[in-house]
Amino acid sequence: MMERQYYYKKREAAKRAPNKFLSLIVDGMDQSKSNLPHFVGRTAKAVNAADQLKTHISGVIAHGQNEFYTFLDVGQYPHDSNLTINIIIMVLFRLKDKMVRVVINLSSLVSL
């Protein structure tokens, strides 16, 4: 329960001061739900699981930046901490330009 309270506190800080704080949350879907083709209900015995394309979908919310990112992996990477770190790095690179613009805009206001 303490983890959630800590997360909520950091999320609110990022929303209140998006130029000062960044809060990210990363989560992945249940892998069996994103296999292709996807069948609703019970899968017929004639469908071999080995014939399905195994995909993994991860999502990231950047609190305070009003950004949401999705990443699709079709089995190129193991689903471990390396995948999570790479996703975080990609999000930081995408947010980099936006965050720099905010800092530049604020510094120009201060110099007035």
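Buried means under 20% relative accessible area, exposed means over 50%, and partly exposed lies in between (1.4 Å probe, protein chains only). The model is predicted: local features need pLDDT of at least 70, side-chain atom pairs count only at pLDDT 80 or more, and totals for chains, interfaces and linings use all residues. Residues are numbered from 1 along each chain as its sequence is written, and side-chain values use heavy atoms, with hydrogens and water left out.

**Exercise 1. Outline the chain.**

Task: State how many helices and strands the chain has, and give their order.

Step 1. Fix the terms. Helices (H or I, at least four residues) and strands (E, at least two) are DSSP runs, numbered from the N terminus.

Step 2. Count the elements. The chain has 2 helices and 3 strands.

Step 3. Read from the N terminus. The order is α-β-β-β-α.

Step 4. Add burial. The chain has 112 residues, and 20% of them count as buried.

Step 5. Add contacts, where contact means heavy atoms within 4.5 Å. Take the contacts with a separation of 6 or more: 51% of them join residues 24 or more positions apart.

**Exercise 2. Classify a pair of rings.**

Task: Find the aromatic pair and decide whether it is stacked, edge-to-face or tilted.

Step 1. Set the rule. Rings of Phe, Tyr and Trp (its six-membered ring) pair if their centres lie within 6.5 Å; planes under 30 degrees apart count as stacked, over 60 as edge-to-face and the rest as tilted.

Step 2. Search the whole structure. There is 1 aromatic pair.

Step 3. Apply the rule. The ring centres of Tyr7 and Tyr8 are 5.6 Å apart and the planes stand at 50 degrees, so the pair is tilted.

Step 4. Check exposure. Tyr7 counts as partly exposed because its relative accessibility is 21%. Tyr8 has a relative accessible area of 34%, so Tyr8 is partly exposed too.

**Exercise 3. Trace the salt bridges.**

Task: Identify the residues that salt bridges join into one network.

Step 1. Recall the idea. Side chains of opposite charge can pair when their charged atoms come close. A salt bridge is a side-chain nitrogen of Lys or Arg within 4 Å of a carboxyl oxygen of Asp or Glu.

Step 2. Count. The whole structure holds 2 salt bridges.

Step 3. Take the bridge between Glu12 and Arg11. Their N to O distance is 3.7 Å.

Step 4. Take the bridge between Lys15 and Glu12. Their closest N and O atoms are 4.0 Å apart. Lys15 and Glu12 are 3 residues apart in helix H1 (residues 2-16), so about one helical turn separates them.

Step 5. Join the bridges. Shared partners link Arg11, Glu12 and Lys15 into one network.

Step 6. Check exposure. Glu12 is partly exposed at 32%. Arg11 is partly exposed at 21%. Lys15 is partly exposed at 46%.

**Exercise 4. Build the core.**

Task: List the residues of the largest nonpolar core and say which element gives the most.

Step 1. Define it. A nonpolar core is a set of buried Ala, Val, Leu, Ile, Met, Phe, Trp, Tyr and Cys residues joined through side-chain atoms within 4.5 Å.

Step 2. List the 8 residues: Val60, Ala62, Tyr69, Phe71, Leu83, Ile87, Val91 and Leu95.

Step 3. Assign elements. Strand S2 (56-63), strand S3 (67-73) and helix H2 (81-110) each give two or more residues to this core. H2 gives the most, with 4 residues.

Step 4. Follow one member. Beyond four places in sequence, Leu95 touches Leu22, Leu24, Ala62, Gln65, Glu67 and Tyr69.

**Exercise 5. Compare two strand residues.**

Task: Are Ser58 and Asp73 buried or exposed, and what does each touch?

Step 1. Place them. Ser58 is in strand S2, and Asp73 is in strand S3.

Step 2. Apply the cut-off. Ser58 has a relative accessible area of 5%, so Ser58 is buried. Asp73 is buried, with a relative accessible area of 5%.

Step 3. List contacts, leaving out residues up to four places away in sequence. Ser58 touches Asp27, Gly28, Tyr69, Thr70, Phe71 and Ile87. Asp73 touches Lys54, Thr55, His56, His79 and Leu83.

Step 4. Look at one contact of Ser58. Ser58 and Asp27 are 31 residues apart in sequence, yet 5.6 Å apart in space, C-alpha to C-alpha.
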